[in-house]
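Visitor: I should like to go through this structure with you, strand pairing to begin with. Please give the criteria as they arise.

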Amino acid sequence: LELVIKKKGGSMKDSYLDEGFILEKSIGIGQQKRLENAKILVANTPMDTDKIKIFGARVRVGSMQAVADIEEEEKRKMKRKVSKILQHKPTCFINRQLIYNYPEQLFTKAGCMAIEHADFVGVERLALVTGAEIASTFDTPGTVKLGHCKLIEEVVIGEDKVIHFSGVAKGEACTVVLRGANKQILDEAERSLHDALCVLSQTVKNTKTVYGGGCSEMLMANAVMNLAQTTPGKESLAMESFARALQQLPTIIADNGGHDSSELIAKLRACHNKGQSTMGLDMENGSIADMTKLKILESFLCKSQVVISAHEAAEMILRVDDIITCAPRQRGRP
């Protein structure tokens, strides 16, 4: 289970993988900032019952003493609710909704860490990694399943304080912390990371791989070009165009790397025509190299989907009705 959080500041080289779960919230005022061997109760329950939830509701009283009595009764109700929560003996209480000042004071007095307003995704992930169940009622002690964590502490990432959970019940939980100078760089880094993780997940399902660096595209282009030379009729022209389109992929790779694509593609084509079918582009040195030595591989499933999608898009364009391309009919004056 992985979570990606983005924090401005520093450079992308400062990004790292943290073995644990990071929650972008803060610990209650006056509570301990470090808790070992925590018992976590994850809840989704209102802890602000002093607010009247019914829209348009009115309470009419005859004196200020009656208002004070209502407030006092609300406090007693909240105290009873906090007592029920503490009967489950948690050392950390995490709620999806707000925790108002009075219940927070009660948790602090009882020595229980309280974390409020954790969003729904954060609560779901936290319950999953700690082995807890999200609770909304607390009447019967022992019926709520608590989560466990070896250490909860408040740490600083950049300029923000976050809560770090380490030693969670599910050891495979981790958090990717991305750093960057501005929001645009962070968003682009997140998209790139998401694409890489998607390719990795597909590779785990289908372990077939092909050589990268434009090697596979050049192999496919040569195979299509050789077949076009033995194909009679106009179909050979379409096949040659498809082969040239395949050769554009390594060209784009070279251009994105800031190298001379014309020279590199010419060298790569010559190597493949000589039978050196494992040669590809080495973007670090700006030259041609053996992909087996560099160990540059790509997912076969991803590569095949790229070719299929491009073929379907080209076929859709070619199937456009011819009427669209016809010249407009000349209309003469009556």
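Visitor: Which residue in β7 stands opposite Leu 35?

Guide: This is a predicted model, in which local features need pLDDT of at least 70 and side-chain atom pairs count only at pLDDT 80 or more, while totals for chains, interfaces and linings use all residues. Residues are numbered from 1 along each chain as its sequence is written, and side-chain values use heavy atoms, with hydrogens and water left out. β4 and strand β7 (residues 147-157) pair in the antiparallel sense over six bridges; strands are DSSP runs of E with at least two residues, helices are runs of H or I with at least four, and both are numbered from the N terminus. Opposite Leu 35 in β7 stands Ile 152.

Visitor: Which residue in β5 stands opposite Ile 40?

Guide: β4 is also joined to strand β5 (residues 92-95), the two running parallel, by four bridges. Two strands count as paired if DSSP finds at least two bridges between them. Opposite Ile 40 in β5 stands Cys 92.

Visitor: In the hairpin of β11 and β12, which residue takes a positive phi?

Guide: Strands β11 (residues 279-282) and β12 (residues 287-290) run antiparallel and are joined by four bridges. Asp 282 stands opposite Ser 287 in β12. The hairpin has four residues between the strands, and the residue with a positive phi, near 65°, is Gly 286.

Visitor: Which residue meets Glu 73 in a salt bridge?

Guide: A salt bridge is a side-chain nitrogen of Lys or Arg within 4 Å of a carboxyl oxygen of Asp or Glu. At 32% relative accessibility, Glu 73 is partly exposed, the class between buried (under 20% relative accessible area) and exposed (over 50%), with a 1.4 Å probe and protein chains only. The partner lies three residues away in helix α1, so about one helical turn separates Glu 73 and Arg 76. The N to O distance is 2.8 Å, and the residue is Arg 76.

Visitor: How far apart are the closest N and O atoms of Lys 77 and Glu 74?

Guide: Both residues lie in helix α1, three residues apart, about one turn of the helix. Lys 77 is partly exposed, with a relative accessible area of 40%. In the salt bridge of Lys 77 with Glu 74, the closest N and O atoms are apart by 4.0 Å.

Visitor: Which residue forms a salt bridge with Glu 188?

Guide: Glu 188 is partly exposed at 41%, and the partner, Arg 191, is likewise classed as partly exposed at 46%. Salt bridges that share partners also join Lys 6, Lys 183, Asp 187 and Glu 190 into one network. With the closest N and O atoms 2.7 Å apart, the residue bridged to Glu 188 is Arg 191.

Visitor: Is Val 59 buried or exposed?

Guide: Val 59 is placed in the loop between β4 (34-43) and α1 (64-86). Val 59, Val 61 and Ile 70 make a nonpolar surface patch of about 230 Å². Because its relative accessibility is 51%, Val 59 counts as exposed.

Visitor: Which helices each supply at least two residues of the lining of the second largest pocket?

Guide: About 280 Å³ of space lies in this pocket. Its lining includes Met 239, Phe 242, His 311 and Leu 318. The helices that each supply at least two lining residues are α6 (235-256) and α9 (300-318).

Terms used:
Patch = residues over 30% accessible without salt bridge, like charges linked within 9 Å, V, L, I, M, F, W, Y side chains within 5 Å. Areas by Shrake-Rupley, 256 points an atom, 1.4 Å probe, with all protein chains shown as cover. 1 Å grid on protein atoms, 1.4 Å probe; cavity = no way out; pocket = protein on both sides within 12 Å on 5 of 7 lines; lining within 4 Å. Points joined across faces, edges and corners; volume = space filled by probe spheres on them.
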